[in-house]
Amino acid sequence: QVQLVESGGGLVQAGGSLRLSCAASGRIFDINTMGWYRQCPGKQRELVATITSDGSTNYTESVKGRFTVSGDNGQKAVYLQMNSLKPEDTAVYFCNIRGRELFRRITDYWGQGTQVTVSS
């Protein structure tokens, strides 16, 4: 069974940096995309950044130039470097890997979430 484990969240002052990491246990094949989403209380989960298997990246407008997503398909790991953090970046961050287990269809796998809090 596949599980995603995140680390790297925490409390930081505005302007600071954090690096989130996510690693998957279990065997995942045909990884399509990996990435990060975030959710604030009372709001829907939103895309932050994704990276495809060929290295193409996509960012939500508010983090462009500040966040960098990277991934390692072989290690089944995805990272998010967050610089120049702002209070509005405060949220629970979830990692995502889209792939499949043996003999199963493509599925979205999710981490348990890690809290990022940016103080002003």
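This report covers the disulfide, the remaining cysteine Cys 40 and a four-stranded sheet in a predicted model.

## Basis

The model is predicted: local features need pLDDT of at least 70, side-chain atom pairs count only at pLDDT 80 or more, and totals for chains, interfaces and linings use all residues. Residues are numbered from 1 along each chain as its sequence is written, and side-chain values use heavy atoms, with hydrogens and water left out.

## The disulfide

The structure has one disulfide (a pair of cysteine sulfur atoms within 2.5 Å). Cys 22 and Cys 95 form it, with their sulfur atoms 2.1 Å apart. The link is right-handed, at 45° about the S-S bond. Cys 22 sits in strand E3 (residues 18–25) and Cys 95 in strand E9 (residues 91–100), so the bond ties together parts 73 residues apart in sequence. Strands are DSSP runs of at least two E residues, numbered from the N terminus.

Both Cys 22 and Cys 95 are buried (under 20% relative accessible area, 1.4 Å probe, protein chains only).

## Cys 40

Cys 40 is partly exposed (between 20% and 50%) at 22% relative accessibility. Its sulfur lies 17 Å from the closest cysteine sulfur, in Cys 95, which is too far for a bond.

## The sheet around Cys 22

Four strands make an open antiparallel sheet, in the order E1-E3-E8-E7. Strands pair if DSSP finds at least two bridges between them. E1 (3–7) and E7 (67–72) are the edges; each has a single partner strand, so one side of each lacks a neighbour in the sheet.

E3 and E8 (residues 77–82) run antiparallel, joined by six bridges. Cys 22 stands opposite Val 78 in E8.
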